[in-house]
Structure formats: structure tokens, C-alpha cells
Amino acid sequence: MTERALRLGTRRSKLAMAQSGHVADAVRQLTGRPVELVEITTYGDTSREHLAQIGGTGVFVAALRDALLAGEVDFAVHSLKDLPTAQHPDLVLAAIPTREDPRDVLIAREGLTLDRLPAGARVGTGSPRRMAQLHAHARSHGLELTCVPIRGNVDTRVGYVRKGELDAVVLAAAGLNRIGGTDELLDGLTAEPLPVDTVLPAPGQGALAVECLASNTELVAALAPLDDPRTRAAVTAERSLLAALEAGCSAPVGALADLLADGPGHGQVVTEMRLRGVVGTTDGSTLVQLSTTGPVPTSHDEALALGRELADEMLAKGAAGLMGERAL
């Protein structure tokens, strides 16, 4: 008798389907069981409001979690940066697979890069985090940008540049890489990965979260081999920083934890983790940007502590006043 197919809950967007498809393939190989994708529409998909207005955190997640809790799906795949920092009591992050490129990418009219955009260039992004850092970079280089809030899938956003409505848009590199087939989409345009020294990504950007019921111990164990401990440690530190700043995913907070090796050459031993954080006003006039380095966390609590430590330093430097209304 063949085992029942595992039901994987996913958003319906092209990117979400691509991400979930990758995870489904891996789970089929791991378990030998069939996996079927169950498409779920979330509030974040149907609302036309800007993410910052509809609450940011959790708008793409709630419907997937409801389906999990109702037993309509067995597990779900999220973009980790969309997940609220507080863990749901009945759910568990069974796996955080190896992270894709965490950087942002500027997609611009042919030949244009961030530092070659014309005066007053119109750059599409609905992210306060990106706006704050792009404006700060422009100010420091004597440039002037206008950030235009946009929504929509990758094709829609790139279309604004192709049609000449915008000079550039900023997207996550991971999304472009996971969708595949972007050569045709970006034909005739310039794609420039933005250095993390210029624009720090969102906490957890480039990572996926595979979530299931905590009570389904058999599935939790079956999904465990998909987990990458280094990615988990890094994103845990980043999300701990975000939580300690009491900010949701629509706040202008960037964070990235990366691993530092003990010198050049092959056979490097990773000994330390560097965590960088930034928070700023969306006009880029004020940024608090700090980093801390410590031993690579060997436990969840150590990763949490690294994030809290940097958040405390940022709050001491005035970060709280830069985030608008703070969640109570």
C-alpha cells in the first residue's frame, strides 16, 4: 500500500511555488513519499495596500498557519523574513535549509548602476528598510533618489523598469535565483547585486522556513535532515535582533550574520560569527549601524543572545526613535 501524499501548504505566487517546489523535491527524496502542493491565498496576496500599512509581519503567514492547525496541510514553506519573530506555541520550525544569496539586487535600465542613476531617479521598493539605506547611500554620494512604493510579483516589478515608469527596482537576489529563467526576464536590463555594506538585507532574507505541527513528531524527525545548522544560527541571531528592537518585518531594520574563517586559503575553520544591524529613518537622514562579533553560536540560546546584545547597543545609540511607532 502506498503511503498518503504529504500535503505542503504554499502561497500561490510564482516565487512561493518555486520555493515550495524545491522543498517538495527534497522531501520526496528524503522520505520516499509523494508530496503534493496545496495552494493557499493569504491576506498579503489579496490586499493591494502597502505592506507597512497592513501590518507587515505575518500577512503572508497567517493563512498557511491556519491550514496547518486545521489539519488541511501537513507542513508549510515560508520565506523566513515573512515570519513573525515570536514562535507559534503549537508549531515548530522543523527545518531551515541552506540559505540562498541574502543580498538585494538593483534591476535598472540598461547600463545604470546604483551610483550611476540620474538625479532624482525613481527607484521602486515598498520596503522602509531598503528606502532608509538607499537614501542614506545617495546622500553620502551627493545623489538624489525618489523611492516609489510598489507591490506585485517579480515580473510586475521588473515590468515597471522595462516600461520606463521607474529607473530601477530593488528585489531580493534569492527570489530571482529561485525562480530561474530570469535571463529572459532581465534581458536588456542591468542587474547589480548590492553590497551588504551599502544595503543590509532583511533579517532572515534568502532563507526558507519549513513549519509543521509540533505534535507531529514523526514528520518533525523526517524533515530534520533538511536543516542547515549554520543558516539556523545566523537567522536566529538576526531575528533575535529584530525581536529585541520590537520591530516587525515592515520596520526599517536590516541585519545579517555571517561566518568568519580563521584566515585565507583552503581548509579554513569557521570560528566566529559577525552580526551587523542597521535601523534608520526612511529618508536616510539618520542611521544607526553597528556590528558585533562572537564565537559561532552552538545553541539556540547563544544565537538569541548575540542578537539581543547588538540590539541593546543599537537602542543605546538611539535606534528606538528611528522606527516610528513601536509595537506595544
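**Helix α10 and the nonpolar core**

User: What span does α10 reach from its first C-alpha to its last?
Analyst: This is a predicted model: local features need pLDDT of at least 70, side-chain atom pairs count only at pLDDT 80 or more, and totals for chains, interfaces and linings use all residues. Residues are numbered from 1 along each chain as its sequence is written, and side-chain values use heavy atoms, without hydrogens and water. Helices (DSSP H or I, at least four residues) and strands (E, at least two) are numbered from the N terminus. With 17 residues, α10 is expected to span 24 Å (1.5 Å times one less than its number of residues), and its value is close to that, 25 Å.

User: Where do the buried residues of α10 lie, seen down its axis?
Analyst: Buried means under 20% relative accessible area, exposed over 50% (1.4 Å probe, protein chains only). The buried residues are Ala-303, Leu-306, Gly-307, Leu-310, Ala-311 and Met-314. Their directions from the helix axis to the C-beta atoms fall within an arc of 125°, so they line one face of the helix.

User: Which residues are exposed on the other side of α10?
Analyst: The buried residues pack against α9, β12 and β13 (287-295), by contact of heavy atoms within 4.5 Å. On the other side, the exposed residues are Asp-301, Asp-312 and Ala-316.

User: Which element gives the most to the largest nonpolar core?
Analyst: A nonpolar core joins buried Ala, Val, Leu, Ile, Met, Phe, Trp, Tyr and Cys residues through side-chain atoms within 4.5 Å. The largest has 18 residues; Met-314 is among those touching the most other members. At least two residues each come from α9 (229-244), β11 (253-261), β12 (270-280) and α10 (300-316). With five residues, the top contributor is α9.
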